[in-house]
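This report covers one strand, its partners in pairing, and a helix residue on the same chain. The sequence and the model come first.

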Amino acid sequence: MKIENRVVGDVHILDCSGKITLGEGTMAIRNTVRELLKNGNKKIILNLADVNYIDSSGIGELVSSYTTVTNSGGSLRLLNLTKKIHELLAITKLLTVFPVYDDEHTALSSF
Amino acid sequence: MNIDRNRIEVRIGSALEYLDLVQALTDSITDFMGFDDDSAHWIGMSVRESVTNAIQHGNKLDQSKRVDICFEVARDYLDISVKDQGNGFRIENLPNPLDPENLLKPSGRGIFYIRSFMDEVEFIPHTQGGMEVRMMKKVPFNSAVKETEI
């Protein structure tokens, strides 16, 4: 699991790649998001285009990040869901929760 | 690991480090059986979720307790059993992750996913202790399994 943080204006885009599974992957997202919030960065996009595997703990971590950011007065968007992540979110009704985008420009303009 | 014709049995300790090993074995079996990529992915995820539950919630990460995983490779189905040495649970007592009050909970979706992606799933509490999850996936009609190897 690797996360690269790009900054566009006041938005932080986290380019995630690899596996988001119980343990290392979920902790990486959790720590990165909390660090951004701690430094007052409240507009966050999780770019999941290069995530090749996610389990239920990874889905749970996306939910947890969303609620943490929202409860801190910020906004979190999901960008470039893979087909499998889309399916996992759809069948658990989480597509009704997350703001989801499939192009970066639109995601950036949504804040 | 013991391979006896069409049964492959693995016994692991209760450590999450074994998850990738079990996943790799599952991927090899589904590839051998000719499952399409999507089915293979969801079978692999279902096994991973079951073993994670067995280690984390069943055996509560107690390294002295084991998880037994058995793959039964048949011509037209793959049957998988994951058994822990925990206290078990009643499936009907698990919260529904689709209920509005549970939607934003960070956990509780693993079994829902298993039931969504496998053709049959059973949860069997054993009277002598331990919980067994049995799940089955039918092999696609045009599977590439070599009959001589089954």
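How many bridges join strand β4 (residues 77-83) of chain B to β6(B)? The model is a predicted one, and in it β4(B) and β6(B) are joined by seven bridges and run antiparallel. Strand β5 (residues 120-125) of chain B also pairs with β6(B), again antiparallel, through six bridges. The table sets out these two pairings, with a residue of each strand that stands opposite B:V133.

| Strand | Bridges to β6(B) | Direction | Residue opposite B:V133 |
|---|---|---|---|
| β4(B), residues 77-83 | seven bridges | antiparallel | B:V82 |
| β5(B), residues 120-125 | six bridges | antiparallel | B:F123 |

Strand β6(B) itself spans residues 131-138, and its side chains alternate. One face carries B:M131, B:V133, B:M135 and B:K137, which are buried. The other face carries B:E132, B:R134, B:M136 and B:K138, which are not buried. Between β5(B) and β6(B) lies a hairpin connection of five residues, where B:G129 takes a positive phi near 110°.

The helix residue is B:S46, located in α2 (residues 37-58) of chain B. B:S46 counts as buried because 25 other C-beta atoms lie within 10 Å, and the cut-off is 20 or more. Beyond its neighbours within four places in sequence, B:S46 is in contact with B:M135, one of the buried residues of β6(B). The other contacts of this kind are B:Y113, B:I114, B:F117 and B:M118. B:S46 and B:R134 are separated by 88 residues in sequence, with their C-alpha atoms 11 Å apart in space.

Definitions and conventions: Residues numbered from 1 in each chain as written. Chains lettered and ligands numbered in written order. Predicted model: local features only at pLDDT ≥ 70, side-chain atom pairs only at ≥ 80, totals over all residues. Buried ≥ 20, exposed ≤ 12 C-beta atoms within 10 Å, placed from the backbone. Helix = DSSP H or I, 4+ residues; strand = E, 2+ residues; numbered from the N terminus. Pairing = 2+ DSSP bridges. Contact = placed C-beta atoms within 7 Å.
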